[in-house]
Amino acid sequence: MSTYEILLKGHREVAAGTLAFSFTKPPGFAFKPGQAITLLLADPPLEANSRQRIFSLVSAPFEAELAIATRMREGSAFKRALKNLQPGAKLQLRGPRGTMTLHEERSRSAVFIAGGIGITPFMSMLRQAAHDRLAQRLLLICSNRRREDTPFLAELRDLARQDGNFRMLSRMTDTDGFIDAETIRSFVGDAAAPIYYLAGPPAMVDAMKAVLRGAGVGDGDVQSEQFYGY
Ligand SMILES: Cc1cc2nc3c(=O)[nH]c(=O)nc-3n(C[C@H](O)[C@H](O)[C@H](O)COP(=O)(O)OP(=O)(O)OC[C@H]3O[C@@H](n4cnc5c(N)ncnc54)[C@H](O)[C@@H]3O)c2cc1C
């Protein structure tokens with residue numbers, strides 16, 4: 001894994017208490033949609049374990065900038081320091097890392113199941129797929145507490161309107177409850193030989209694995225990324 005110097009470009013809110021940070025893309029840095037980076041602060045706060053965090057890239061490879069997104073609510077010292085940086089601040093990036101990338105067999109559909117901020121690796125895959133006009137069925141179920149907590153909701157709805165191969169279901173746990181086998185079955189319907197991708201808090205990913213196993217999905221058809229720290 002290589003280390004690169006990057007510059008903060010800025011941040012914007014993408015849901016209540018959720019910020020997306022954009023950075024310059026260093027020459028020579030290449031990644032696949034779904035991969036993550038380690039982001040290192042040049043001048044970390046004194047609190048223990050505040051120098052670096054792992055984030056999935058939200059931006060797609062075709063984009064000129066890099067972007068990540070994170071929930072700020074509890075706000076560790078690392079996250080507070082990141083939020084306080086001014087545009088132009090230097091950071092380091094190490095990576096890319098991770099193997100949860102979209103399968104190449106285009107005849108098989110992909111079903112993304114995102115818990116909260118677990119949407120990030122799928123944003124990169126969906127943006128790149130729309131850019132490439134990928135001929136592959138992509139289905140997304142995202143689960144958040146409330147509508148206002150749902151990151152990138154407007155962009156996702158736009159992508160679904162523009163791309164006939166992409167459908168999404170946005171569920172709110174406050175009103176709809178958790179995603180269960182019936183929700184998945186009725187949404188996925190007869191999509192061809194789906195491969196499932198799970199991302200989010202470890203408890204959510206483990207619960208979804210159990211639901212899929214109970215529904216007869218083989219472990220070989222499930223990929224996942226657990227976001228420790230949630
Ligand atoms: C591959 C990958 C991709 C990720 N992508 C994103 C993303 O796109 N957006 C995002 O917001 N977060 C992502 N995360 C999680 C992220 O790295 C942070 O852990 C999370 O954002 C919480 O950060 P924090 O500073 O608020 O809390 P932290 O201080 O990091 O963590 C809070 C609690 O989690 C525990 N913890 C932290 N790391 C681990 C670990 N490795 N194993 C077990 N326990 C641990 C700590 O002990 C602490 O109790 C990703 C993690 C991984 C591994």
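Helices and strands here are DSSP runs, numbered from the N terminus. With that in hand, let's walk through this predicted model.

**The whole chain**

Start with the big picture: the secondary structure comes to six helices and eleven strands. The chain is as compact as a globular protein of its length, because its radius of gyration of 17 Å is close to the 17 Å that the globule rule gives for 230 residues. If you lay the C-alpha trace along its principal axes, it spans about 50 × 35 × 30 Å. Buried residues account for 50% of the 230 residues. As for the accessible surface, it adds up to about 11000 Å², and carbon and sulfur atoms hold 50% of that.

How do contacts run along the sequence? Take the ones between residues at least 6 apart: 72% of these join residues at least 24 apart. Two residues give a feel for such links, and we'll visit them next.

**Two buried spots**

Pro151 sits in the loop between strand 8 and helix 3. Its relative accessibility is 1%, so it counts as buried, the cut-off being under 20%. Thr70 is 81 residues away from Pro151 along the chain, yet their C-alpha atoms are separated by 9.3 Å. Leaving aside residues up to four places away in sequence, Pro151 touches a mixed set that includes Val14, Ala15, Arg71, Ile117 and Leu156.

Leu8 belongs to strand 1, which covers residues 2–15. Leu8 is buried too, with a relative accessible area of 3%. Its C-alpha atom is 5.2 Å from that of Gly88, a residue 80 places away along the chain. Gly88 is also among the residues that Leu8 touches, along with Phe21, Phe23, Pro87 and Leu91, again not counting residues up to four places away in sequence.

**Some backbone oddities**

Most residues other than glycine have a negative phi, and most peptide bonds are trans. Here are two residues that go the other way on phi:

| Residue | Phi | Relative accessibility |
|---|---|---|
| Asn49 | near 60° | 61% |
| Phe152 | about 60° | 5% |

Where do you find Asn49? Look in the loop between strand 3 (36–41) and strand 4 (52–56). Asn49 counts as exposed, because its relative accessibility is 61% and the cut-off is over 50%. Phe152, on the other hand, is buried, and its place is the loop between strand 8 (138–144) and helix 3. That loop also holds Pro151.

There's an unusual peptide bond to point out as well. Going from Gly95 to Pro96, the bond is cis, with omega near 5°. Pro96 is part of strand 6, residues 90–97.

**Where two helices meet**

Now for a pair of helices. Helix 2 runs over residues 120–132 and helix 3 over residues 153–162, and their axes come within 11 Å, crossing at roughly 35°. Is the crossing left-handed or right-handed? Helix 2 passes helix 3 in a left-handed crossing. On the helix 2 side the contact is made by Met123, Leu126, Arg127 and Ala130, while helix 3 brings Glu155, Leu156 and Leu159. Sorted by class, the contact has five nonpolar residues, two charged ones and no polar ones.

Leu156 links this part back to an earlier one: besides its role in the helix contact, Leu156 is one of the residues that Pro151 touches.

Technical notes. Residues numbered from 1 in each chain as written. Predicted model: local features only at pLDDT ≥ 70, side-chain atom pairs only at ≥ 80, totals over all residues. Heavy atoms only, no water. Axes fitted to C-alpha atoms, helices over the stretch in contact; angles between N-to-C directions. Helix = DSSP H or I, 4+ residues; strand = E, 2+ residues; numbered from the N terminus. Left-handed = near helix turned anticlockwise from the far one by under 90°. Contact = heavy atoms within 4.5 Å. Nonpolar A, V, L, I, M, F, W, Y, C, P; charged D, E, K, R; others polar. Rg over C-alpha atoms; globule rule 2.2 N^0.38 Å. Buried < 20%, exposed > 50% of the residue type's maximum accessible area, 1.4 Å probe, protein only. Areas by Shrake-Rupley, 256 points an atom, 1.4 Å probe, with all protein chains shown as cover.
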